[in-house]
Amino acid sequence: MSRITTLFITILIFVASFSGVDGRPYLKIQNIQSDSYPYITVEVSVTNVKPIENLTSRDFEIYENGWKVGFYNLTSVTGRGEPKKIALLVDSSHSLSSQEFDTQMEGVQGFIRSLNADDKVSIISFNDSVEIHCGFTSSKEQALDCLDKIKQKGKNTVLFDAIKTGINISSAEPNLRSYIIVFTDGKEEKSRIVPGTLKELVKNMRLPVYVIGTGRKSNLNELAMLSQLSGGEVFFSGNLSTIGKIYLLLSDILNKNYVIRYLSQADFTSLNNRASLEVRFSNGQLSDQDVADFHYSTSILSYLSKLASRDLWNERVVLFFSGFLVLLILSFIFGRVSGSARKTKEIKVIHNVSPGVEKEPVKEEQQTPKRNQQLPENEEVSEKASEAIELPENYIHGYFIEKSGFNPGKKYQIKLNKTTIGHGENNHIILDDPTVSYNHARVDYKRGQFYIYDLISEYGVYINGKKLLRPRAIHDFDEIELGKTVLMFRRASG
């Protein structure tokens with residue numbers, strides 16, 4: 001093999017094994033605040049090796065529950081973001097080589113030096129046990145001194161216990177934005193905490209967990225799911241020379257953000273319910289997107305009390321908004337009643353038919369199938385069905401999140417009424433999984449409901465652990481297994 005060929009293969013391996021600072025557009029939703037409903041505040045970061053600055057509102061699109069937000073305000077917080085606190089988790093076990101350990105320490109040192117003066121950092125090491133070397137401090141000298149005291153020791157790794165410790169100490173000061181950054185090869189040997197417990201914790205609190213991974217990608221699958229649920233990200237590198245760059249990229253991501261503020265389109269009935277937010281970015285040839293779930297955290301009573309507060313409004317404003325709210329509620333009730341009346345009337349509508357043919361009443365549309373209900377025989381669609389039609393551009397009906405597989409955490413939007421899945425390039429959703437058939441499955445969207453079909457795949461399709469024998473309806477949070485890949489289905493609410 002020639003030297004040129006060897007160099008080319010080495011470059012390919014490097015590019016394939018490293019993501020995060022490879023020049024791709026990178027949009028991340030950092031935080032969502034809904035306690036000032038109806039105003040929603042979203043903090044995002046946009047990077048392309050380095051954070052992209054001088055963006056305007058024309059570079060973003062916002063979708064709440066699948067519906068496009070028309071007007072919003074964009075503010076850059078580059079260089080003047082609010083103080084934050086970061087728990088740095090250092091792997092000091094002998095599962096790392098001495099070179100990996102030293103490279104990690106150099107990366108952490110560079111990260112600490114890049115922090116703002118008001119930021120706080122805590123140093124935590126883990127091997128056979130977890131040790132907090134210093135609590136949150138804004139002194140870089142103290143943090144670096146704590147870091148110097150960490151020595152490599154221990155035979156086992158308690159990775160999940162270390163993450164739980166980081167969560168515990170971060171929740172002590174809820175007034176500051178908090179993050180957890182952990183360097184690991186993904187090995188876990190004797191933690192008392194199980195991944196499921198950590199996932200439940202991060203579901204209930206907005207505490208992004210960022211992972212810098214080395215070693216084998218497959219060891220990071222559990223962490224990828226945890227990071228996805230928390231709003232963080234996994235950066236994997238097969239080349240130790242890039243570790244320092246990843247730490248510096250993380251510093252830029254956390255320091256240089258944009259704040260988007262918009263007026264929610266959700267009505268009162270949606271308050272305290274789960275909502276979906278999608279942010280899209282496009283600037284020249286660069287584009288990316290991110291999706292995050294959140295809750296409207298304000299009740300109707302507390303919202304009305306805000307309007308009635310004399311500290312915020314004078315009497316005329318209170319009277320105006322009170323009248324407006326009454327009209328809004330009445331129009332909502334009237335809309336529901338008139339909608340029901342229209343549905344009743346539509347049932348009685350008669351088809352227009354050719355002369356001489358007796359008119360037949362239109363049958364009432366079938367109700368949405370219940371969970372796991374099979375698609376009726378007359379609803380099955382043949383493989384020679386009409387071409388897929390793109391759904392309205394401003395509405396995304398649903399999407400898949402790769403729960404486990406070769407790209408855990410990756411999102412796939414459903415934009416067509418017929419969406420094919422497989423590892424072949426002719427599919428709408430292409431999975432990087434050799435155990436997935438060339439054309440493995442298809443998802444149809446009909447009358448507000450999703451159905452999944454097995455396209456005579458080699459290993460079949462499984463829904464929540466049960467093999468798919470004929471087309472079935474799928475629902476929010478259903479897990480679809482194709483080969484070694486598991487996709488979680490999410491339906492856009494709204």
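A residue counts as buried here when its relative accessible area is under 20%. Keep that cut-off in your pocket for this tour. One more thing before you click anything: this is a predicted model.

**Stop 1: the whole chain**

Start zoomed out, with the protein chain drawn as a cartoon. You should find nine helices and 26 strands. The chain has 494 residues, and buried ones make up 46% of them. Now think about who touches whom. Among contacts between residues at least 6 apart in sequence, 67% join residues at least 24 apart.

**Stop 2: helix H4**

Select residues 159-170. This is helix H4, with 12 residues. From its first C-alpha to its last it reaches 17 Å, close to the 16 Å expected. Is it out in the open or enclosed by the rest of the structure? Largely enclosed, because 10 of its 12 residues are buried. Colour them in if you like: Leu159, Phe160, Asp161, Ala162, Ile163, Thr165, Gly166, Ile167, Ile169 and Ser170.

**Stop 3: H4 meets H6**

Keep H4 on screen and add residues 221-230, which form helix H6. The two helices pack at an angle of about 15 degrees, with their axes 12 Å apart. An angle under 35 degrees counts as roughly parallel, so that is how H4 and H6 lie relative to each other. H4 passes H6 in a right-handed crossing.

Show side chains where they touch. On the H4 side, pick Leu159, Phe160 and Ile163; on the H6 side, pick Glu222, Leu223 and Leu226. What classes do these contact residues fall into? Five are nonpolar, none is polar and one is charged.

Stay with H6 for a moment. Seven of its 10 residues are buried, so H6 too is largely enclosed by the rest of the structure. The buried ones are Leu223, Ala224, Met225, Leu226, Ser227, Gln228 and Ser230. Right after the helix, click on Gly231, which has a positive phi near 95 degrees.

**Stop 4: helix H2 and its neighbours**

Next, select residues 98-113, which make up helix H2. H2 has 16 residues and reaches 23 Å from end to end, C-alpha to C-alpha, close to the expected 22 Å. Its buried residues include Glu100, Phe101, Thr103, Gln104 and Met105. Further along H2, Gly107, Val108, Phe111 and Ile112 are buried as well.

What covers those buried residues? Try showing strand S7 (84-91), strand S8 (120-126), helix H3, strand S10 (177-184) and helix H7 (243-255), which are among the elements that do.

Now hide everything but H2 and H3, the helix at residues 140-148. They pack at an angle of about 170 degrees, and their axes are 10 Å apart. Which way do they run, roughly parallel or roughly antiparallel? Angles over 145 degrees count as roughly antiparallel, so H2 and H3 are roughly antiparallel to each other. The contact uses Met105, Val108, Gln109, Ile112 and Arg113 of H2 together with Lys140, Ala143, Leu144, Leu147 and Asp148 of H3. Sorted by class, that contact has six nonpolar, one polar and three charged residues.

**Stop 5: two loops with an unusual phi**

Most residues other than glycine have a negative phi. Here are two that go the other way.

- Asn65 sits in the loop between strand S4 (60-64) and strand S5 (67-68). Its phi is positive, about 55 degrees. Asn65 is buried, at 9% relative accessible area.
- Arg447 lies in the loop between S20 and strand S21 (449-454). Its phi is positive too, near 50 degrees. Arg447 is partly exposed, at 45%.

**Stop 6: Leu431**

Jump to Leu431, in the loop between strand S19 (429-430) and strand S20 (441-446). With just 2% relative accessibility, Leu431 counts as buried. Leaving aside residues up to four places away in sequence, Leu431 touches Glu402, Tyr412, Ile421, Gly422, His423, Val436, Thr485 and Leu487. Then try a distance to Gly483: 52 residues away in sequence, and 10.0 Å away in space between C-alpha atoms.

**Last stop: Ala275**

Finish at Ala275, in strand S14 (residues 274-283). At 1% relative accessibility, Ala275 is buried. Where does Asp293 lie relative to Ala275? Asp293 is 18 residues from Ala275 along the chain, and their C-alpha atoms are separated by 5.6 Å.

Key. Residues are numbered from 1 along each chain as its sequence is written. This is a predicted model: local features need pLDDT of at least 70, side-chain atom pairs count only at pLDDT 80 or more; totals for chains, interfaces and linings use all residues. Side-chain values use heavy atoms; hydrogens and water are left out. Helices (H or I, at least four residues) and strands (E, at least two) are DSSP runs, numbered from the N terminus. The expected span of a helix is 1.5 Å times one less than its number of residues. Buried means under 20% relative accessible area, exposed over 50%, partly exposed in between (1.4 Å probe, protein chains only). Axes are lines fitted to C-alpha atoms, for helices over the stretch in contact, and angles run from 0 to 180 degrees between N-to-C directions. Angles under 35 degrees count as roughly parallel, over 145 as roughly antiparallel, 65 to 115 as roughly perpendicular and the rest as oblique. A crossing is left-handed if the near helix is turned anticlockwise from the far one by less than a right angle, and right-handed if clockwise. Contact means heavy atoms within 4.5 Å. Ala, Val, Leu, Ile, Met, Phe, Trp, Tyr, Cys and Pro count as nonpolar, Asp, Glu, Lys and Arg as charged, and the others, Gly among them, as polar.
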